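Here is a short, friendly tour of charged side chains that pair up in a protein. Have the sequence and the 3D view open as you read.

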Amino acid sequence: MRVIIEPSAELGSQRAASIVAQLVRKKPRAILGLATGGTPLKLYQELIRMHQSEGLDFSRVTSFNLDEYVGLPPTHPQSYRHFMTENLFRHVNIDIRNTHVPDGRALDYETYGSQYEAMIEEAGGIDLQILGIGRDGHIAFNEPGSSLGSRTRLKTLAPETIRDNARFFGTEEDVPRLAITMGVGTILESKKCILLAFGKDKAEAIAATVEGPVTAQVTGSALQFHRDVVVILDEESASQLQRRSYYDEVEEAHRRLQSGEVK
Ligand code: F6R
């Protein structure tokens with residue numbers, strides 16, 4: 001894991017956007033894995049800015065979102081399809097037919113999960129997966145106890161996730177209890193992952209994910225098995241890391257390599 005600690009969420013999001021932009025420029029038909037929630041909002045704002053002022057071209061990009069609440073139609077203001085439309089898709093030139101968000105109204109979730117996996121595979125697999133993390137260490141909606149080999153399927157939201165997401169719905173009662181989500185195994189197959197976390201509420205989950213043992217109780221920790229993960233943090237979310245000074249040294253070494261100071 002490469003751990004990058006930026007002074008703020010703004011700078012962290014810009015750093016993530018530059019990695020996304022680099023990929024899209026190099027591979028216009030890139031397959032992006034996208035996340036919802038509060039964390040990637042600034043990243044999406046920066047990608048919109050890059051599209052509008054630097055001509056970053058999404059016209060041939062395909063996207064797959066991590067998850068969707070069960071029972072919400074795409075038009076529901078809290079559905080993840082609606083979130084993506086409002087916060088990214090309608091502001092860039094992505095072809096909406098190439099955007100995929102799991103269908104929260106599928107009747108047969110087992111079959112639907114396999115179909116979603118097949119669509120990802122047919123597209124050539126995810127080149128770059130954007131991830132946030134829950135306070136309980138979940139990635140996508142893979143709550144504690146999820147199999148680290150899991151694939152796209154139904155999951156029951158954990159009580160802490162319901163509490164956290166109530167801020168978007170108004171009350172806890174309104175938060176759907178079920179979601180359809182990519183599995184940990186699905187995420188581990190993406191070619192590269194960027195895990196974003198900002199704010200002190202994420203510090204414990206980040207310490208467990210980056211430096212703790214690999215365990216299904218913290219599904220983010222499975223990313224330790226992935227060969228290309230960039231973890232982008234702000235000072236607060238990095239505050240419980242034990243090996244902080246080492247991560248800074250690694251970044252300094254990267255900087256010197258890139259600037260040609262070290263051959
Ligand atoms: C969203 C997702 C979730 C969130 C996580 C953090 O698509 O998969 O894992 O990334 O719950 O949510 P926020 O960013 O709202 O703190």
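What follows is a look at the salt bridges in this structure.

Please keep in mind that this is a predicted model. Searching the whole structure turns up 21 salt bridges, and a few of them are described below.

**A pair between two loops**
- R151 and E189 join their side chains in a salt bridge, with 3.0 Å from N to O.
- R151 sits in the loop between strand 6 (128–131) and strand 7 (153–156), while E189 sits in the loop between helix 6 (184–188) and strand 9 (193–197), so this pair ties together parts that are 38 residues apart in sequence.
- R151 is partly exposed, at 31% relative accessibility, whereas E189 is exposed, with a relative accessible area of 56%.

**A pair within one helix**
- A salt bridge also links R244 to D248, and their closest N and O atoms are 3.0 Å apart.
- Both residues belong to helix 8 (residues 244–259), where they are 4 residues apart, or about one turn of the helix.
- R244 has a relative accessible area of 25% and is therefore partly exposed; D248, with 34%, is partly exposed as well.

**R255 with E261, and a network**
- In the salt bridge between E261 and R255, the closest N and O atoms lie 3.3 Å apart.
- E261 counts as exposed at 51% relative accessibility, and R255 is partly exposed with a relative accessible area of 39%.
- R2, E6, R15 and E251 are joined into one network by salt bridges that share partners.

Terms used: Residues numbered from 1 in each chain as written. Predicted model: local features only at pLDDT ≥ 70, side-chain atom pairs only at ≥ 80, totals over all residues. Heavy atoms only, no water. Salt bridge = Lys/Arg side-chain N within 4 Å of Asp/Glu carboxyl O. Buried < 20%, exposed > 50% of the residue type's maximum accessible area, 1.4 Å probe, protein only.
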